[in-house]
Amino acid sequence: MDWDVVGQRSETVRRANLSAIVRELHLRGPLSRSELVARTGLTRSAIRVLLGELVAADLVSEDRRAHLGTPGRPSPLVHANPTTAVVLALDIAVDSCAVALVGFGGEVLALQRVDRPRGHLSVADTIADLVQLAGPVLAPTRGSDALIAVGISVAGIIRRPDGLVRMAPNLGWRDVALANQLGGALGVQVPISVANEADLGALAELRRGSAVGLDDVLYLSGEVGVGGGLIVGGRPLTGAAGYGGEVGHFPIRPDGAPCHCGSVGCWETEIGERALLRQAGYDQGGGRDQVDALLADAATGSPSALAALAAVGRWLGIGLAGLVNILNPQIVVLGGLFHRIHPFVAATIETELDRLALEASRALVRIVPSMLAEDAPLLGAAEMAFDALLSDPAGYLGRFEPLAAAGGV
Ligand SMILES: [Zn+2]
């Protein structure tokens with residue numbers, strides 16, 4: 001018997017089991033030991049030993065208080081300690097920037113969003129805005145090891161392995177090494193990952209929003225641009241380099257309008273913010289304020305506003321019918337602009353799906369507004385930043401031990 005090999009195997013099993021427990025506590029909230037046994041398939045004694053390690057590292061606590069109104073012996077709950085391990089999330093949208101500090105277990109400890117002027121904002125200006133926003137949010141973590149990672153959401157096409165922003169047409173960016181520049185400006189020395197806003201919106205809805213417990217999800221987000229985040233069989237569909245899921249640039253109308261991406265007649269040119277505002281007779285570059293005005297007019301029965309919403313709803317339904325036929329999703333989650341216009345377009349979308357989608361797939365799919373609304377990409381960036389901890393918490397335990405040993409100072 002090669003005892004080194006046995007030792008390595010048992011270490012691999014230990015790490016995988018710690019990961020299973022940490023993932024459950026992060027995603028599902030407080031659980032009793034019995035629930036952990038049921039959810040992870042581990043034995044009660046294995047759970048006891050592993051929880052001992054996690055408690056010693058101050059990553060989790062066991063709450064021995066009885067549940068009010070519960071008869072019988074109280075069952076202690078194991079819960080994530082939100083301030084032991086935290087991540088910083090950043091969202092770079094076309095109309096706004098946001099930062100959040102999110103604790104292990106998903107608690108949002110701080111969140112700040114500021115509107116920004118529409119236009120092509122330089123990378124340097126954006127970084128300066130984010131550093132200013134993040135300063136007070138990061139302050140409580142300075143001098144401790146609590147900050148474990150930074151996640152950034154960008155409304156653009158991102159090369160996943162290194163986070164290079166290949167193209168962000170509505171920000172006017174091309175080939176920006178954002179992670180390096182932001183890390184230096186923020187003065188943090190933790191891993192920084194960057195991803196597309198719709199991919200992260202999908203991740204957030206899957207873990208914390210409308211799509212919890214589902215495996216086949218299409219998240220559609222709209223602002224100036226239109227993006228898609230696709231979850232297939234429980235996994236994100238990214239394509240070879242991470243550029244996949246760009247449903248907004250599906251060529252749906254070859255004789256249509258020019259698109260920001262350089263092509264013509266992309267889906268975005270029929271369902272995006274500019275198309276909506278143009279058809280209703282508003283300033284198509286007017287951004288969020290003009291959309292608010294349009295929705296207010298629609299609510300009072302303005303025929304031109306309602307007609308524009310009906311046209312966008314029809315093209316939304318046409319495109320979604322194609323995507324439903326290809327992907328057979330359980331749910332389509334409408335985020336961003338589509339979340340805001342949902343009450344006005346829901347019926348039209350359903351009508352177009354009835355008319356155009358394959359009956360078997362159509363019968364299974366639900367179309368819902370995003371539960372996390374405009375914060376979905378930001379919260380998805382936080383979830384992405386937690387992935388390394390969830391996959392291998394053992395690598396982090398030593399890091400937190402000095403804090404626990406210091407008696408929580
Ligand atoms: Zn396009």
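**Strand pairing, helix packing and domain contact**

In strand E15, Leu334 is the bridge partner of Leu220. The model under discussion is a predicted one, and this residue pair serves as the point of entry.

The pairing between Leu220 and Leu334 belongs to a longer register: strand E12 (residues 217-222) and strand E15 (residues 331-336) run parallel to one another and are joined by six bridges. Leu220 also has a counterpart in another strand, for it stands opposite Gly228 of E13. Here the sense of the pairing is antiparallel, with six bridges linking E12 to E13, the latter spanning residues 226-232. The connection between these two strands is a hairpin, in which three residues lie between E12 and E13.

How many of the residues of E12 are buried? The count is six of six, and the strand is accordingly described as mostly covered. The burial can be followed on each face in turn. One side carries Val217, Tyr219 and Ser221, while the other carries Leu218, Leu220 and Gly222; every one of these residues is buried, and both faces of E12 are thus covered.

Attention now passes from the strands to a pair of helices. In general, the packing of two helices is described by the angle between their axes together with the distance between those axes. For helix H9 (residues 287-299) and helix H10 (residues 303-327), the axes come within 8 Å and cross at roughly 110°. Because angles of 65 to 115 degrees count as roughly perpendicular, H9 is placed roughly perpendicular to H10. Which residues make the contact? On the H9 side they are Leu294, Asp297 and Ala298, and on the H10 side Ala305, Leu306 and Leu309. By class, the residues of this contact comprise five nonpolar and one charged, with no polar residue.

At the level of the whole chain, the protein is divided into domain 1 (3-80), domain 2 (86-200 + 376-405) and domain 3 (211-371). The C-alpha centres of domain 2 and domain 3 are separated by 27 Å. Between these two domains, 16 residues of domain 2 are in contact with 22 residues of domain 3. On the side of domain 2 that touches domain 3, at least two residues are supplied by each of strand E8 (157-159) and helix H6 (197-208). The residues on that side of domain 2 divide into eight nonpolar, two polar and six charged.

Technical notes: Residues numbered from 1 in each chain as written. Predicted model: local features only at pLDDT ≥ 70, side-chain atom pairs only at ≥ 80, totals over all residues. Buried ≥ 20, exposed ≤ 12 C-beta atoms within 10 Å, placed from the backbone. Helix = DSSP H or I, 4+ residues; strand = E, 2+ residues; numbered from the N terminus. Pairing = 2+ DSSP bridges. Axes fitted to C-alpha atoms, helices over the stretch in contact; angles between N-to-C directions. Parallel < 35°, antiparallel > 145°, perpendicular 65-115°, else oblique. Contact = placed C-beta atoms within 7 Å. Nonpolar A, V, L, I, M, F, W, Y, C, P; charged D, E, K, R; others polar. Domains from an automatic or database assignment.
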